[in-house]
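Work through the exercises below with the sequence and the model open. Each task is followed by its solution in steps.

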Amino acid sequence: MKKLLIITLALITAAGAFALDRVKYPVVERSEQTFTVSGEKRTFTSYDAPAFYRIRMEGDFSYYNASCSLLMPEHFDKHDVEPLQRCILTRLADYVGYGDDPKPVFNTVDDAITALTAPDTEMKEVHPLGFIPEEAEDEMLFANVNVEVARQTADFIAFSFHSQHFMGGVASEGTKYLNYDLKHGRELEIGDIVSDKALQLVIAELKAMNIWDELWDEFKAAPYIAKGFYLSDNALILTYPRYEISYGAMGPVEVEIPLAKVDKYLTPLAKQLIK
């Protein structure tokens, strides 16, 4: 009976792959979302692209999940969103390839989704699937990206880029942010938000987290404010990527400083944007 079930599943899988090979894959679901912020109507397109494959790597068959979901601004009543769209597409390119590999240039969301949901070049005998069999979850490889709006004000918007990656060995997971000044049409850097004097708060918080002794000696000798950041309603959140200031087992290091503490170090632009 078990053997019959396995054969049946294989036939269903093969039939699904046969059908999906003949249509655009993955099938992308699109929907519209609208927000009203400070009297401005903002329209986004939601893209959901689940991509599952049966693959062969190093002689054995396995399964691969390369799904992607994202919100892309389409029209804001009071702001030009085209520069923001380009920033998002540029950020998405960071999730394609490895290390110092040349990054692709995406002109459209469809270009980005096609690249993000494609099988790795080392994968052989790739068969697209409409689902992943339940028993395959323990041996599934994955590389997923999820982009959402994290915060909006009248002239500011932040997107979170959450990624999960596992190609064998150690899985990784992390969140990066795109902080954008809608009024001036540009991506914000940490120097646009706080002065260098805020470093003393960062050092104090790292010590309060009881991880200072675990950080790289090079960082402790010359500490600096993380480039990655996010402004929530209540705090400035700084993110150091995995391996940047400590060993990999610590993962990304996140430092959260209440706005009440960091307020005197915020730039005039930051205070204006986060209202």
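**Exercise 1: helix H2**

Task: compare the expected span of helix H2 (residues 82-93) with the distance between its end C-alpha atoms.

Solution. The expected span of a helix is 1.5 Å times one less than its number of residues. For the 12 residues of H2 this should give 16 Å, and the end C-alpha atoms are 17 Å apart, which agrees. Helices (H or I, at least four residues) and strands (E, at least two) are DSSP runs, numbered from the N terminus.

Next, the burial of H2. Buried means under 20% relative accessible area, exposed over 50%, and partly exposed in between, with a 1.4 Å probe and protein chains only. The buried residues in H2 are Pro83, Leu84, Cys87, Ile88, Leu89, Arg91, Leu92 and Ala93. Their packing partners are strand S5 (68-76), H3, S7, S8, S9 and strand S10 (186-187).

**Exercise 2: confidence and the whole chain**

Task: state which element has the lowest mean pLDDT and which the highest.

Solution. This is a predicted model, in which local features need pLDDT of at least 70 and side-chain atom pairs count only at pLDDT 80 or more, while totals for chains, interfaces and linings use all residues. Residues are numbered from 1 along each chain as its sequence is written, and side-chain values use heavy atoms, with hydrogens and water left out. pLDDT is the predictor's confidence in each residue, from 0 to 100. The chain average is 87, and 91% of the residues score at least 70. Helix H1 (residues 2-20) has the lowest mean, 37, and strand S2 (residues 40-49) the highest, 98. Over residues 1-23 pLDDT stays under 50, and the model has 14 contacts (heavy atoms within 4.5 Å) beyond four places in sequence for this stretch.

For the chain, count 7 helices and 13 strands. Of its 275 residues, 44% are buried. The C-alpha trace spans about 70 × 50 × 35 Å along its principal axes.

**Exercise 3: the largest pocket**

Task: describe the lining of the largest pocket by nearest residues, elements and class.

Solution. On a 1 Å grid over the protein atoms alone, a pocket is an open set of points where a 1.4 Å probe fits, with protein on both sides within 12 Å along at least five of seven lines; lining residues have an atom within 4 Å of a point. The largest pocket holds about 1,700 Å³ of space. Of its 50 lining residues, Asp94, Tyr95, Ser163, Ser172 and Lys176 lie nearest the centre. Elements giving two or more residues include helix H3 (109-116), strand S7 (140-152) and strand S8 (156-166). S9 gives the most, with 7 residues. By class the lining has 24 nonpolar, 14 polar and 12 charged residues.

**Exercise 4: three loop residues**

Task: is Ala51 buried or exposed? Then examine phi of Ser38 and Tyr243.

Solution. Ala51 lies in the loop between S2 and strand S3 (52-57). Ala51 is buried because its relative accessibility is 0%. Beyond four places in sequence, its contacts are Tyr25, Pro26, Tyr64, Asn65, Ala66, Ser67 and Thr117.

Most residues other than glycine have a negative phi. Ser38 has a positive phi near 50°, in the loop between strand S1 (29-37) and S2. Its relative accessibility is 53%, so Ser38 counts as exposed. Tyr243, in the loop between S12 and S13, has a positive phi of about 80°. Tyr243 is also exposed, with a relative accessible area of 53%.

How values were computed. Grid points are joined across faces, edges and corners, and a volume is the space filled by probe spheres set on the points. Ala, Val, Leu, Ile, Met, Phe, Trp, Tyr, Cys and Pro count as nonpolar, Asp, Glu, Lys and Arg as charged, and the others, Gly among them, as polar.
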